[in-house]
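Biologist: I should be grateful for a close look at one part of this structure, namely the pairing of two helices, set in the context of the record's annotations. Please then describe, by way of comparison, how an enclosed strand is placed.

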Amino acid sequence: MQLGLSVSDSDVSSFTPLVVLELADDTKAEAITWLLNRIRDKQKNGGAELLVDQLLFPAQDGQKSNPNVFVVGSTLQRLLKGAEDVGLFKEFQDGIMRGFTYANRESFKDFYGDGEGFLSDAECQYIIKHELDTLRAKNEEHVPGYPKVKLYPGKSVVRRLQSKGVLVQYFPLHNKEDLKRLSFSWYKKIKLSFQPLDDIRHYFGEGLALYFGFLEYFTFALVPMALIGIPYYLFDWEDYDKYVLFAVFNLVWSTVFLEVWKRCSATFAYGWGTLSRKKAFEEPRAGFHGALGFNPITGREEPVYPSSKRQLRIYLVSVPFVLLCLYLSFYVMMVYFDMENWAISVYNENPNFGTGILLFVPSIIYAVVIEIMNLLYRYAAEFLTNWGEPEILLFSCSSFNNILITVFFFFVCFQFNFVNCFASLFYIAFVMQDMVLLRQSLATLLITSQILNQVMEAFLPYWLQRRRNKKVHKRMRRVMGDKELPLLEQVQLETEMNTYLGTFDDYLEQFLLFGYVSLFSCVYPLAAVLVVLNNITEVYSDAFKMCHVFKRPFSEPAANIGVWQLAFETMSIIAVVTNCALIGLSSQVKAYFPESETQMILIVVAIEHVLLAFKFILAFVIPDVPKDIQVKLAKLEFDSLEALKKRVSTHLYMCTYLQHANRKCDHLYDRPCQKVLHC
């Protein structure tokens, strides 16, 4: 079955393919025809007014290839009008970021001629995604050919097809030339310099660019702590009581680090046009289901889910499961301590090189188990979020990511990951009060987790992807011979690539590393050094996996790092309490209160409250947005109000004029002037 025009390398010049659309290979012909017509149809008729063609893959190894793979593109004029629809902000001639309008397109900086090159690839693909996502059902009661796949007026067609498995996937296509240039400037050339964040933003969008900006900022911010930590570690190797000053420095650093990042984030977001951008209302997630109800925001019928059922799911299933997992984490921790005691007893009985190595084995095993449990808990939390929070009537897909992160922070990061990664360190520090073991455990956890993360995140997926690429390349060459087939081969390769699931896991890793540094680095000053080394390799491995391991993700407009800012700030507050407690455990401090431990505790608590107050005052004093950007935002708001006033006054003048014209017409002809009334 062939529908529309087939695209080969000889005729693809009709338009530039930007997005790949793959339907199930057994999709009904009438459903395909209906969908393609809706994508091609004019906007005034409820279509997306996009260009779409079919890709025809040859049969491989005697097996028929999926015939329902399509490439989607657009005319430049349609993309420019779509840029206005999605609310893109671009730099105006006066240097201020303003909402793009097609009517005033020539007044924007960098708009020349017909606008070729004005929009980045990521923006073009985001516009196409938006147009596909907002392709809505009209009067159809069901998808043609699928009587059970019900539709209702206003329902997103693409989301419905996704939820029912008719639409397998759709993803943006890589631009090989741009990717080659980005790869060379980003990670192929090892150099001590800043990342090309603007290039990353143009190719992958603001969400990923902000993550790499945060990764770079975090790494540079750790350098002072690492430089102080190296001599501190070398000269105070056996003196664990001299960490008081380092703990105080740690507290000030964690606060300043986060507050300055807000300013950097605002600078990035303003320059990229996302700081003032209003996010469009999105559809409920594709996987959401429920009985039809009334959406008070859109005025349309959409699926709803009873709140009582949601509460029952949370309290009868989710909460008991959380408690079970926490119990499992504590149980594994106690097993680790038993193993640690056994290794120490073996070493004390027969101290030699072999038993000395054995001392590190329990910590390494525990670190590996922690990584495995974190992975399992991550899937468990995502499942429970999908299953226990189905009421997404007022939540868009991007909002779902925030829900997932929020739930994940308090449900996984704080409970599962926090307990997994930090419970043993808290136990060693404040129950056992063994600073030697604390330093050893922290070092082992850091090094082991960093090695495992690099292997699991980049090297293993890359190795698997290379094997798949070789198989696809051989199959295509065997079938097509010496014919040129860059597009067919590229689409085939990218279709089989893994899907990038977002920056959640990447931020989570940095969050845990920030916890290791801010909570306990005063007793192991090399923690900052290890994190700096990890983040340097992380930049290259993450850049590599984005360019060659995963499908290209759609751009996600972002003005900041979202609720992760709250997560990091919460961790910094916990760090104040932890470091003050470690200061109180110092023998130097205890020496000042030889007879009254209660007095020492009260003073430590008072200092902790003073430091927390100082932290909040510092956060208040440092503005989140730089002054020059505040002025530009205020000017933009002022110009918008002035334009609104002008529009209202013009409208009132026209109304007054028409009323006067009507009265004059009535007086002359003794009857209403139909022409003026009509106007």
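Modeller: The unreviewed UniProt entry lists "transmembrane region" for residues 208-231, 243-261, 314-337, 357-377, 403-430, 511-533, 573-593 and 600-622. The model discussed here is predicted, and two of these listed stretches may be described from its coordinates. Over residues 600-622 the chain is 96% helix and 0% strand, and the C-alpha atoms at the two ends lie 33 Å apart. Over residues 511-533, by contrast, the chain is 78% helix, again with 0% strand, and the end C-alpha atoms are 16 Å apart.

The helix pair is formed by α8 (residues 244-271) and α19 (residues 597-621), whose axes come within 10 Å and cross at roughly 20°. Because angles under 35 degrees count as roughly parallel, α8 and α19 are roughly parallel to each other. The crossing of α8 past α19 is right-handed. On the α8 side, the contact is made by Leu251, Val252, Thr255, Val256 and Glu259; on the α19 side, Leu611, Phe614, Lys615, Leu618 and Ala619 take part.

For the enclosed strand, attention turns to β4 (residues 69-73). In this strand, 5 of the 5 residues are buried, so β4 is largely enclosed by the rest of the structure. In a regular strand, side chains alternate between the two faces of the sheet. In β4 both faces are covered: Val69, Val71 and Gly73 are buried on one side, and Phe70 and Val72 are buried on the other.

Two strands pair with β4. Strand β2 (residues 19-23) runs antiparallel to β4 and is joined to it over 4 bridges; within this pairing, Val19 has Val72 of β4 as its bridge partner. Strand β3 (residues 51-55) is likewise antiparallel to β4, with 5 bridges between them, and here Leu55 has Val69 of β4 as its bridge partner. Val69 and Val72, which serve as these bridge partners, are also among the buried residues of β4.

Helix α2 (residues 76-86) completes the account of this region. Its buried residues are Arg78, Leu79, Leu80, Gly82, Ala83 and Val86, and the buried residues of α2 pack against α3 (121-133). Just after α2, Gly87 adopts a positive phi of about 80°.

Key
Residues numbered from 1 in each chain as written. Predicted model: local features only at pLDDT ≥ 70, side-chain atom pairs only at ≥ 80, totals over all residues. Heavy atoms only, no water. Buried < 20%, exposed > 50% of the residue type's maximum accessible area, 1.4 Å probe, protein only. Pairing = 2+ DSSP bridges. UniProt positions renumbered as here; feature names shortened; annotations may be inferred. Axes fitted to C-alpha atoms, helices over the stretch in contact; angles between N-to-C directions. Parallel < 35°, antiparallel > 145°, perpendicular 65-115°, else oblique. Left-handed = near helix turned anticlockwise from the far one by under 90°. Contact = heavy atoms within 4.5 Å.
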